[in-house]
Amino acid sequence: MKSFSSAIKNGWIVSNQEKVLYQHDTGEPGVITEQWFTGGVMDQNARIRIYIDGEVDASLDFNLFIAHGLGFPESDELKNIPWGTRRIAHTADGGIYNTIRIPFSKSFRVTATTQSSGMMWYIIRGVENYPVVLGDLVLPSHTRLRLYKNENFLLKPLDFMNLAYVKSSAGALFMVTMVAESSNLVFLEGCFRAYIDGSNRTTWLSSGTEDFFLSAFYFNKGLYHLDNAGLTYKTDSSIAAYKFFENDPLLFAKSFELWWRCSDKDVSVDRKYGCPNSWPDTTPPRNGKFIKDYTAMKDKLYRRGVPFGKNELYKRPQFFDKDLSSTEEMQLKYKIAKEGVQGYLPPMEPANITTYTWVYEW
């Protein structure tokens, strides 16, 4: 094993020009273990690309903020820093870093593209001939980290979104980031579900959106930054959150699909697609119509270029009265669970959704 490390001090980047931050081509396999980004241009518009093993198109191509669980301008984030977890952190005006392990077989190149010109600082470290470890699991030597993205998709109420679609590969889910905006928070009723190894039986991953990110009652206690999950931004109509799967591995042997729905009902109301409300799970397996209607979306979801579907959202009353206490919020949620959404919530509204899903594949 052999470590490598590089840094840029007082670097200059020209707007809209892809700049190489580091290139490693010794021919040895290895793992990137840390990256740190600072500078006024390293903001919510910065784009980072990592080209693995001579790729023409970078398999890891991401918005700097969203990749670190952030979804809104740094001006909105400054009051919440410093914070840090085992894998991601925001420690200063700038100071965004991660310790996400990114494997390569022989080479890689890291680049940045920004919307404005200015100074920047950068650090990268890694180790050659080093294992990729996910929680307690040592992953196979040929493992690759893949990123599946949805950016600024406008979903109607009860629409499904495919967050990851993996075929003919084994692997493990690593991280999910969601940035969502609507005119209220009713979209948080949406449940996460997976389909593993070709089965049409639903593997339910949550009973709601905030539950997936290990909170409850529409994130009623505010922001948190924990190793397993966190909420980095919240208003009465928008959120940014992340979830890691290191300590509770979600594994598959040959295929994997991850889905989310823009709000949801339980199976007593929505017999075909609703979330379970008891054990044993009485929800039906998905059928051919589901596959035909929704699995076909994957070609649109993963296409490159300018996001589509960005429209101005409807303006309706906020979900909760701002004077409502946490106890009253919980009581309202219990009423919703017992008696249904109608009569307690404003109508479900469209939501602009961005998701990043990171998957180790081998």
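A contact here means heavy atoms within 4.5 Å. With that in mind, select the whole protein chain: of the contacts between residues at least 6 apart in sequence, 77% join residues at least 24 apart.

This is a predicted model, in which local features need pLDDT of at least 70 and side-chain atom pairs count only at pLDDT 80 or more, while totals for chains, interfaces and linings use all residues. Residues are numbered from 1 along each chain as its sequence is written, and side-chain values use heavy atoms, with hydrogens and water left out.

Now colour by secondary structure. The protein chain has six helices and 24 strands; these are DSSP runs numbered from the N terminus, helices being H or I of at least four residues and strands E of at least two. Of its 362 residues, 54% count as buried (under 20% relative accessible area; exposed is over 50%, partly exposed in between, with a 1.4 Å probe and protein chains only).

Next, select Glu18. Glu18 sits in the loop that links strand E1 (2–13) to strand E2 (19–24). Is Glu18 buried or exposed, or partly exposed? With a relative accessible area of 38%, Glu18 is partly exposed.

Show what surrounds Glu18. Leaving aside residues up to four places away in sequence, Glu18 touches Arg49, Tyr51, Thr111, Ala112 and Thr113.

Add Arg49. Its C-alpha lies 9.1 Å from that of Glu18, across 31 residues of sequence. The two side chains make a polar contact of 3.4 Å (a pair of N or O atoms within 3.5 Å; within protein, one must be able to donate a hydrogen and the other to accept it, and residues adjacent in sequence count only if both atoms are side-chain atoms).

Finish at Tyr51, whose side chain is joined to that of Glu18 by a polar contact of 2.7 Å.
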